[in-house]
Amino acid sequence: MARARRVLFVCEGNLHRSPTSERLYASTPGLRVRSAGLSPLARVQVTPELLAWADDVFVMERRLVRDLRRRFPGQLPPDR
């Protein structure tokens, strides 16, 4: 059996958008999902370990993608 795809949802504060996405996809067969935020005040903060865990990272805003790339160089795939 194939391994479940690991998906990380990222927003700023991990208060609304990314946790909502996590809840929406939590019961999707074939997926393991988590959520995190980039703010120092985020409930769950993005870490290098979370980024390494994820097969796919969905980021809620383009500016947050830039922040992720700056803070975690080399841990995200190039823009498509």
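**Exercise 1. How many salt bridges does the count come to by the rule of a Lys or Arg side-chain nitrogen within 4 Å of an Asp or Glu carboxyl oxygen?**

The model is predicted. Start with the principle. Side chains of opposite charge can pair when their charged atoms come close. Now apply the rule. The count comes to 7 salt bridges.

**Exercise 2. Work out which parts of the chain the Glu12 and Glu61 salt bridges link.**

Step 1. Take Glu12. Its partner is Arg63, with the closest N and O atoms 2.3 Å apart. Glu12 lies in the loop between strand 1 and helix 1, while Arg63 belongs to helix 3 (residues 62-71). The two are 51 residues apart, so this pair links distant parts of the chain.

Step 2. Take Glu61. It forms a salt bridge with Arg17, and here the closest N and O atoms are 2.9 Å apart. Glu61 sits in the loop between strand 3 and helix 3; Arg17 is in helix 1. They are 44 residues apart, and again distant parts of the chain are linked.

Step 3. Join the pairs. Glu12, Arg17, Glu61 and Arg63 are linked in a network of salt bridges.

**Exercise 3. Classify the network residues as buried, partly exposed or exposed.**

Step 1. Recall the cut-offs: buried is under 20% relative accessible area, and exposed is over 50%.

Step 2. Place each residue.
- Glu12, at 32%, is partly exposed.
- Arg63, at 33%, is partly exposed.
- Glu61, at 23%, is partly exposed.
- Arg17, at 35%, is partly exposed.

**Exercise 4. Analyse the salt bridge between Asp67 and Arg70.**

Step 1. Check the distance. The closest N and O atoms of Asp67 and Arg70 are 3.0 Å apart.

Step 2. Check the spacing. Both residues are in helix 3, 3 residues apart, so about one helical turn separates them.

Step 3. Check accessibility. Asp67 is partly exposed at 22%. Arg70 is exposed at 59%.

**Exercise 5. Describe the sheet and the helix packed on it.**

Step 1. Order the strands. The open sheet has 3 strands in the order 2-1-3, with parallel pairing.

Step 2. Find the edges. Strand 2 (31-37) and strand 3 (56-59) each have a single partner strand, so one side of each lacks a neighbour in the sheet. From one strand to the next, the twist averages 20°.

Step 3. Inspect one pairing. Strand 1 (residues 5-11) pairs with strand 3 in the parallel sense over 4 bridges. Phe9 stands opposite Phe58 in strand 3.

Step 4. Add the helix. Helix 1 (residues 17-25) packs on the sheet and touches strand 1 and strand 2. Its direction makes about 170° with that of strand 2.

Terms used:
Residues are numbered from 1 along each chain as its sequence is written. This is a predicted model: local features need pLDDT of at least 70, side-chain atom pairs count only at pLDDT 80 or more; totals for chains, interfaces and linings use all residues. Side-chain values use heavy atoms; hydrogens and water are left out. Two strands pair if DSSP finds at least two bridges between them. Axes are lines fitted to C-alpha atoms, for helices over the stretch in contact, and angles run from 0 to 180 degrees between N-to-C directions. Contact means heavy atoms within 4.5 Å. Buried means under 20% relative accessible area, exposed over 50%, partly exposed in between (1.4 Å probe, protein chains only).
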